[in-house]
Amino acid sequence: MSKKLLFVVLFLCVVFYAFAQDKKGKIAIGLNYGFGSEFSNRNYTFTNHFYKAQLYYRIKEMKHFQYEILIQPEINFASHQLLNFYFVKPETPDYIEKREEYTKLKDIHEYVLNFGFLVRKPIGKTFSIYALGSIGPMITDTETERMSDGFAFADVLAFGISAKVDQFRFDIRPSIRHVSNAGLNSENAGYNTKNIEIGISYGL
């Protein structure tokens, strides 16, 4: 699966680079690293760290704001454990066995392709602040009491600050993330996490 994700990232980079030849200054590519954990609760633990490729395209620039769209291939490494085994109710088939299985610490891999929209407010020539919303399909490789393995969606709301140095832009980005499968599979409680990302991008 990781080889497939790498192929997709490389393919998208080539496409955006080719497109950038006619759109100088509107395209940027980058890489982010982030980490986070669940909001405090008594039911489960969830910690994660992740890598994102960032492909930006500025669609409009006005006097006070800039508007960008972006594509974010991501691989997420998470650890999850059920704390409250009563979350698995007696009406669940084989609930005793599932309680025992789900209360074990699990490693989860998520493969995501998010599509986002970003509104940026420049502050002088160097700094800017922005708000970002994104959503996209995801594949998770591990079933838990909160979500079936397989197809799901990842939604992210983030706010960030950037510093531009020549063609480079450095980012720090706190975010809130929700993962669920929209009821397409049997388990769909999902995960809610708070994260922070750091990243660098380069304008083409």
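Strands S1 and S2 form a hairpin, with five residues between them. That is a handy place to start looking around this model, which is predicted.

**The barrel**

The hairpin belongs to a bigger arrangement: eight strands close into a barrel, following the order S1-S2-S3-S4-S5-S6-S7-S8, and their pairing is antiparallel. From one strand to the next, the twist averages 25°. As general background, strands of a sheet pair through backbone hydrogen bonds, in either a parallel or an antiparallel way.

Three of the strand pairs are set out here, each with one pair of facing residues described below the table.

| Strand pair | Residue ranges | Sense | Bridges |
|---|---|---|---|
| S1 and S2 | 27-38 and 44-61 | antiparallel | 11 bridges |
| S1 and S8 | 27-38 and 191-203 | antiparallel | 11 bridges |
| S6 and S7 | 150-165 and 168-180 | antiparallel | 11 bridges |

To find the S1 and S2 pairing on screen, look for leucine 31, whose bridge partner in S2 is alanine 53. Isoleucine 29 stands opposite tyrosine 202 in S8. Further along the chain, lysine 164 stands opposite arginine 169 in S7.

**The nonpolar cores**

Which residues make up the largest nonpolar core? There are 11 residues in all: Tyr44, Phe46, Ala78, Ile108, Val112, Met138, Met147, Ala152, Ala154, Val179 and Tyr191. At least two residues of this core come from each of S2, S4 (106-123) and S6. A second core, separate from this one, has eight residues, among them Tyr56, Leu70, Leu132 and Ala158.

Methionine 147 is a member of the largest core and a good residue to click on. Leaving aside residues up to four places away in sequence, methionine 147 touches Met138, Thr140, Thr142, Ala152, Val179, Ser180, Asn181, Glu187, Gly190 and Tyr191. Met138, Ala152, Val179 and Tyr191 from that list also belong to the largest nonpolar core.

**The cavity**

Rolling a probe the size of a water molecule over the atoms shows where empty space is left. How many cavities of 30 Å³ or more does a search of the whole structure find? The search finds one. The largest cavity holds about 40 Å³ of space.

Its lining consists of Phe50, Lys52, Glu74, Val156, Ser175, Arg177, Asn195 and Glu197. S2, S7 and S8 each supply at least two of the lining residues. S2 therefore turns up in several parts of this tour: in the hairpin with S1, in the largest nonpolar core, and in the lining of the largest cavity.

Key
Residues numbered from 1 in each chain as written. Predicted model: local features only at pLDDT ≥ 70, side-chain atom pairs only at ≥ 80, totals over all residues. Heavy atoms only, no water. Pairing = 2+ DSSP bridges. Helix = DSSP H or I, 4+ residues; strand = E, 2+ residues; numbered from the N terminus. Axes fitted to C-alpha atoms, helices over the stretch in contact; angles between N-to-C directions. Core = buried A, V, L, I, M, F, W, Y, C linked by side-chain atoms within 4.5 Å. Buried < 20%, exposed > 50% of the residue type's maximum accessible area, 1.4 Å probe, protein only. Contact = heavy atoms within 4.5 Å. 1 Å grid on protein atoms, 1.4 Å probe; cavity = no way out; pocket = protein on both sides within 12 Å on 5 of 7 lines; lining within 4 Å. Points joined across faces, edges and corners; volume = space filled by probe spheres on them.
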